[in-house]
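Me: I'm new to this one and would like a close look at a single part. Please start there, then work outwards and explain the terms as you go.

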Amino acid sequence: MLKIIFKKLIFIPIASFFVSSLAFVVVNLTPGDPVEVIAGGIASEETKQAIRVELGLDQNIYERYLDYLGDLSKGDLGTSFYTKVPVIDSINQYLFDTFELIIISLIIALFLGFIIGGIGAYFRGKALDRFTNFLLSIIQSVPDFFLGLLLIYFLFYKLQIVPAPIGRIGFTDVPPDQITGGLLIDSALSGNWETFRVGLKHAILPSITLGIFYSSYFGRTARNVLGNSLNSKQVEFAKREREILKAAISLFEGPRWETVTVEQISKKAEIGKGTVYKHFTCKEEIYANIATDFSKRILAPKNKTNSPIK
């Protein structure tokens, strides 16, 4: 286990290096001049050159790449040309808000995914399984932004059960004292439960959107895992035994239960006679199993009532 974890940890810096290098190559080798986009077509050459120097675009690509890796190793992501604010500060400003949204969305996705996947696994091969599989395919194929627009239309515009999608809180609501940067966390830490309630209501719409979208992945995983478990030999054996006992009970309820044969039980359960003998050696064992189960059900409430108080 520790060996696997160690391999995963070793892979992180290697993968980070390749991903960051690929991002640099894509940005710098894409046709077009970012200076023209920033300055506009009517800017003078002096203005364009000043922007090029400020962005480091006056250097060759190898020097820019080394500077890029050096800044990354120090955690410096640069400064936004438009806001003049360090990029890392802009990320940190919304980091905890993002974590809150991820956690709420993950809870919704897990809940929906396990319900849909569990239904599909339990009724595998039947109509409900085909319906849940079709539903997961629809959810997975719809883009999350389009799903968000649909939910805005129905939940906000038509039903009016969620607030307007204008941000974490309304325009007239007072934000809590900033502690971590997360609205819900800071509201709870400062005891501002009214803002917490408002923030939670504003988080419903984006959380449901992401939760529904990602529930398809959890749903398919749950269907496969639970389906394999429900179709294991142990579960199939228990199902067969339950079917045999259910068929035997219906036959034993007749006036001449003692004349019931194993062959009649197998026909009632719609299984082979040999399958019955794999579970029970004779008819008497089936009857004894039913009697024992019936006794346990009768005595269970009495045992709970008469149990000593701890």
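Reply: Let's start with Lys84, which sits in the loop between α4 and α5 (87–93); helices (H or I, at least four residues) and strands (E, at least two) are DSSP runs, numbered from the N terminus. Before going further, this is a predicted model, where local features need pLDDT of at least 70 and side-chain atom pairs count only at pLDDT 80 or more, while totals for chains, interfaces and linings use all residues. Residues are numbered from 1 along each chain as its sequence is written, and side-chain values use heavy atoms, with hydrogens and water left out.

Back to Lys84: its phi is near 60°, a positive value in a residue other than glycine. Most residues other than glycine have a negative phi. Lys84 is partly exposed, at 48% relative accessible area (buried means under 20%, exposed over 50%, partly exposed in between, with a 1.4 Å probe and protein chains only). Another positive phi, near 60°, turns up at Glu270, in the loop between α12 (262–269) and α13 (273–279). Glu270 is exposed, with a relative accessible area of 73%.

Now step from the loop to α4, which gives the lining of the largest pocket its largest share, five residues. A pocket here is found on a 1 Å grid over the protein atoms alone: it is an open set of points with protein on both sides within 12 Å along at least five of seven lines, and lining residues have an atom within 4 Å of a point. The largest pocket holds about 1,000 Å³, counted as the space filled by probe spheres set on the points, which are joined across faces, edges and corners. Its lining has 27 residues, with Leu55, Gly56, Leu57, Arg64 and Tyr68 nearest the centre. At least two lining residues come from each of α1 (2–29), α2 (34–39), α3 (45–55) and α4 (61–73). Sorted by class, the lining has 12 nonpolar, eight polar and seven charged residues (Ala, Val, Leu, Ile, Met, Phe, Trp, Tyr, Cys and Pro count as nonpolar, Asp, Glu, Lys and Arg as charged, and the others, Gly among them, as polar).

Helix α3 has a neat pattern: Lys48, Ile51 and Arg52 are buried. Seen down the axis of α3, its buried residues fall within an arc of 100°, so they line one face of the helix; the arc is that of the directions from the helix axis to the C-beta atoms. Glu46 and Glu54, on the other side of α3, are exposed.

Further along, the axes of α6 (residues 95–122) and α10 (residues 193–230) come within 4 Å and cross at roughly 35°. Axes are lines fitted to C-alpha atoms, for helices over the stretch in contact, and angles run from 0 to 180 degrees between N-to-C directions. The residues of this contact divide into 21 nonpolar, 10 polar and one charged. Leu112 belongs to α6 and is partly exposed at 26% relative accessibility. Its C-alpha atom is 5.8 Å from that of Ser215, although 103 residues separate them along the chain. In α10 you'll find Gly199, buried with a relative accessible area of 0%.

Technical notes:
On a 1 Å grid over the protein atoms alone, a cavity is a set of points where a 1.4 Å probe fits but cannot get out, and a pocket is an open set with protein on both sides within 12 Å along at least five of seven lines; lining residues have an atom within 4 Å of a point.
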